[in-house]
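Colleague: I would like to learn how to read a model of this kind, feature by feature. Could we start with the whole chain and then move to single residues?

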Amino acid sequence: MEALERLFHIRERGSSVGTELRAGLVTFLTMAYILLVNPQILSEAGMPAADVTVATALGAAFGTLLMGLYANFPFALAPGMGLNAYFTYGVVKGLGVDWRFALTAVFVEGLLFIVLSYGGIRTLILRAIPPPIKLATTTGIGLFLALIGLRNAGLVADSPATLVQLGVLHAPVPLLALAGLVIIGVLSSRKVQGALLIGIAAVAVAAWGLGLAKAPATWVSVPSLPRETFWAFDFSQVLTGKFLTVMLAFLFVDVFDTAGTLLGVGRIGGFLKPNGELPGAGRGFMADAVGTVAGAAFGTSTVTCYIESAAGVEEGGRTGLTAVVVSVLFLLSLFFVPTLAAIPPVATAPVLVVVGALMMSGARELEWNRMDDALPAFLTIALMPFTYSIANGISAGIVSYAALKLLSGRPREAHPVVYVLAALLVLHYATSGGA
């Protein structure tokens, strides 16, 4: 125990080994869906699903382990949702290129991340993000998480007329999700340790018992290592304009996805300073960068910090031990894919909604009576769930913040880096239409 204390400073951060273990399990359960979803998306790009499944677990395990041991943050990493869709539909299918081309772009982007992280440039970017955007990022991520949870719960459904609508409340899945929300809400209000984990387990068992999801037919399987995707790079087009455009698109999205997640989850974990800075952010960025390189080498799209880490932080995780637990579970998941596949989305949906609610508190600190602060903050909050992208929300906030400060006659209220970022973002969206 003393060795763990020296490595992670568990007591210093007000946690315990038991809490860290439980938080790691909760985080893993809320993001384990990526083991199933990522192979489905990348297989549409022509990649072998079996290889991608293993690459997803290995990439997530490697990046998360580095986040825990090197940065000592309770944040987990895995191939990012949105980035994998861009990989398949925007690059491979949109540009008509081979998946090896896209995988190489991810690898080079990761190497560039390492250079930027080592030079402190990404930390400088994080520090330059205006306080209203930092506060709005937390709130926006909360809404984004809630939307994912409500959709998985069947409480929100798509509509051809209004885009979204209320789901069928008397259907079994929404009813079970609502029951899970009540269970977690009651246990959390009573300060019961492990409330989120108890909620996940209760809903999963109920779903299996009611026939809403298939219970695992077998608990263990022997994985096969990546064969076709391991180090499957094509460097022949690295110097082409098409490659540079794709690589920079991955770069922009990953930078702001990671920055937003570090700020949002770091805030609810109490890691941020009063001025909104995150101590040790450089190490977190480095873990993300190396995780991307490793993930690409194994054969998966960009590995990035996951907003689902908020579930484990809310469970009490405060140190890198939480991340180490998640990493170990990703490795073990290679042997328990049938069991993980049996945990239905409705079991983790209530957790995402609860965590989303808890992340609303930052909105109280925004100066809503100052339009040059309020409008960029609102755009940041709104565009995250409405465009299903953390990066789009932060980008809208930065561009609008720079424009309003400049045109309102208060240009010095924005850091010079903000204007540089705004110009680069405008150029990026103008040339690529966004990622």
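Colleague: What percentage of the 435 residues in the chain do buried residues make up?

Modeller: This is a predicted model, and everything below is computed from it. Buried residues make up 55% of the 435 residues. The cut-off for buried is under 20% relative accessible area.

Colleague: How many helices and strands does the chain have?

Modeller: There are 19 helices and 4 strands. The radius of gyration is 21 Å, close to the 22 Å that the globule rule gives for 435 residues, so the chain is as compact as a globular protein of that length. Along the principal axes, the C-alpha atoms fill a box of roughly 60 × 60 × 55 Å.

Colleague: What share of the contacts with a separation of 6 or more comes from residues 24 or more positions apart?

Modeller: Such pairs account for 80% of those contacts.

Colleague: Let us take a helix. How does the reach of H2 compare with the span expected at 1.5 Å a residue?

Modeller: The general idea comes before the case. An α-helix has 3.6 residues a turn, so residues three or four places apart point the same way. Helix H2 covers residues 17-31, which is 15 residues. From first C-alpha to last it reaches 21 Å, close to the expected 21 Å.

Colleague: Is H2 mostly covered or mostly uncovered?

Modeller: Mostly covered, with 11 of its 15 residues buried. Among the buried residues are Glu20, Arg22, Val26, Phe28 and Leu29.

Colleague: Now empty space. How many cavities of 30 Å³ or more does a search of the whole structure find?

Modeller: The general distinction is that a probe fits in a cavity but cannot get out, while a pocket is open. The search finds 1 cavity of 30 Å³ or more, and the largest cavity holds about 30 Å³ of space.

Colleague: Which residues line the largest cavity?

Modeller: The lining consists of Phe252, Val253, Phe256, Ala391, Ser395, Leu425, His428 and Tyr429. The elements that give two or more residues to this lining are helix H11 (241-268), H18 and helix H19 (416-432). By class, the lining has 6 nonpolar, 2 polar and no charged residues.

Colleague: Take Ser395 from that lining. Is Ser395 buried or exposed?

Modeller: Ser395 is in helix H18, residues 390-407. Its relative accessibility is 4%, so Ser395 counts as buried. Beyond residues up to four places away in sequence, Ser395 touches Phe256, Leu425 and Tyr429, and these three also appear in the cavity lining.

Colleague: How much space lies in the largest pocket?

Modeller: About 740 Å³. The lining of the largest pocket has 38 residues, with Tyr33, Met81, Ile148, Tyr306 and Glu308 nearest its centre. Helix H8 (residues 131-153) gives the largest share, 4 residues. The classes divide into 25 nonpolar, 10 polar and 3 charged.

Colleague: What about a residue in a loop? Which residues is Phe271 in contact with, leaving aside its neighbours within four places in sequence?

Modeller: Phe271 lies in the loop between H11 and helix H12 (281-298). At 13% relative accessibility, Phe271 is buried. Its contacts include Arg13, Phe73, Pro74, Phe75 and Arg318. A separation along the chain has to be read apart from one in space: Phe271 and Ser327 are 56 residues apart along the chain, and their C-alpha atoms are separated by 21 Å.

Colleague: And Thr53, is it buried or exposed?

Modeller: Thr53 sits in helix H4 (residues 49-71). Its relative accessibility is 18%, which is why Thr53 counts as buried. Leaving aside neighbours within four places, Thr53 contacts Leu35 and Pro39.

Colleague: Last, backbone angles. What is phi of His9?

Modeller: Most residues other than glycine have a negative phi. Phi of His9 is near 55°, a positive value. His9 is in the loop between helix H1 (2-8) and H2, and at 34% relative accessibility His9 is partly exposed.

Colleague: Where is Leu163 found?

Modeller: Leu163 is in strand E3, residues 163-166. Its phi is positive too, about 75°, although Leu163 is not a glycine. With a relative accessible area of 69%, Leu163 is exposed.

Key: Residues numbered from 1 in each chain as written. Predicted model: local features only at pLDDT ≥ 70, side-chain atom pairs only at ≥ 80, totals over all residues. Heavy atoms only, no water. Buried < 20%, exposed > 50% of the residue type's maximum accessible area, 1.4 Å probe, protein only. Contact = heavy atoms within 4.5 Å. 1 Å grid on protein atoms, 1.4 Å probe; cavity = no way out; pocket = protein on both sides within 12 Å on 5 of 7 lines; lining within 4 Å. Points joined across faces, edges and corners; volume = space filled by probe spheres on them. Nonpolar A, V, L, I, M, F, W, Y, C, P; charged D, E, K, R; others polar. Expected span 1.5 Å × (residues − 1). Rg over C-alpha atoms; globule rule 2.2 N^0.38 Å.
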